[in-house]
Amino acid sequence: ELHQWAKEHGLVVEKSSSSNGNLRKPVVAAAPSKIRAGSSSEQQLPVVFAHGMGDSCFNSGMQQITQHASDLLGGVYSTCVPTGKNQQEDTTNGYFLNMDASVDVFAAKVRDDPNLQAGFHAIGFSQGCNVIRGYIARYNDPPVHTFLSVNGVNAGEGALPNCFPNASNKKHENLGAGGVCDLLMEQASRRAYNDWTQQHSFQANYWRDPRPVEREAYKKYSQLAQWNNEGNTFNQTLKDNWSKTSKFVWVLAEQDAMVWPKQGEHWGAPDPDDPFKTTLPMEQT
């Protein structure tokens, strides 16, 4: 079951009866805040959540954290926006509804909610961050004031599980050397970089094979490439809409075992000249 698999791999927000004092401190990067003329710090904007892969707004964990945010902010309106009509559809859409389509559903629900018309703060978990960043780039009306990305797949997924290029992975020497991981990545890119898969797989949309041989396929087919303006055409609207959001906060999971490179959660990316040995920080991407 998709939800159970995600739960076993730590991708689901679990309901908790008490706070955990042993939680590891996250790594946070915040972009400078831009204060708009005429804005008032006295008005508390509502909060919108987007869940991660295998999770659902209808699950108790997401409902609890949504309510907790409201309680912390003095009862402000908080909501989790699903892309499906019920728990099952919301969960499966996280796999089989592509990023663009998911953003369209999210945008329609936001525009239909009278409580969100003056704008809102947005919090995404894992690939839920893709939905929010896609909304910001393609719509941002009503605007997102502050975007908090928690372990977001912002710069894409660049390697398959068990093929992460790090010293603790016994298979890491195969990457870039014609080994089994290269063969697996080649198959992954063949299946991801085509029109049909891009229309039917959320995860294929943010697959970002860093090998130079796949660069043109990525630029041509990937929805992530289009959102990043890395494709073959430049979309000024995507860039302009980002300026409507005042503040960005990026939280990185230091021990992330699902996303490579984990620095992509801070907009880092593999070095095109040496992708499996060097990861560039956000300032160089």
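This note covers the nonpolar cores, helix H5 and Thr-146 in a predicted model.

1. Main core. The largest nonpolar core holds 45 residues. Phe-106, Phe-120, Tyr-135 and Phe-147 have the most contacts inside it. Helix H5, residues 128-138, gives the most to this core: six residues.

2. Second core. A separate core of ten residues also exists. Among its members are Phe-49, Ala-69, Cys-80 and Phe-125.

3. Phe-106. Set aside neighbours within four places in sequence, and Phe-106 is in contact with Val-48, Ala-50 and Val-81. Its other contacts of this kind are Val-131, Ile-132 and Tyr-135. Those three lie among the buried residues of H5.

4. Helix H5. Ten of its eleven residues are buried, so H5 is largely enclosed by the rest of the structure. The buried set is not purely hydrocarbon: Asn-130 and Arg-133 belong to it. Gly-128, Cys-129, Gly-134, Ile-136 and Ala-137 are also included. Just after the helix, Asn-140 takes a positive phi of about 50°.

5. Thr-146. This residue sits in strand S5, residues 144-150. Thr-146 has a relative accessible area of 17%; the cut-off for buried is under 20%, so Thr-146 counts as buried.

6. Polar contacts of Thr-146. Its side chain has a polar contact of 3.0 Å with the side chain of His-145. Another, of 3.5 Å, joins it to the side chain of His-121. His-121 also appears in the contact list of Thr-146 that leaves out neighbours within four places in sequence. Phe-120, Ala-122, Thr-245 and Lys-247 complete that list.

Technical notes
Residues numbered from 1 in each chain as written. Predicted model: local features only at pLDDT ≥ 70, side-chain atom pairs only at ≥ 80, totals over all residues. Heavy atoms only, no water. Core = buried A, V, L, I, M, F, W, Y, C linked by side-chain atoms within 4.5 Å. Buried < 20%, exposed > 50% of the residue type's maximum accessible area, 1.4 Å probe, protein only. Helix = DSSP H or I, 4+ residues; strand = E, 2+ residues; numbered from the N terminus. Contact = heavy atoms within 4.5 Å. Polar contact = N/O pair within 3.5 Å; in protein donor to acceptor, adjacent residues only side chain to side chain.
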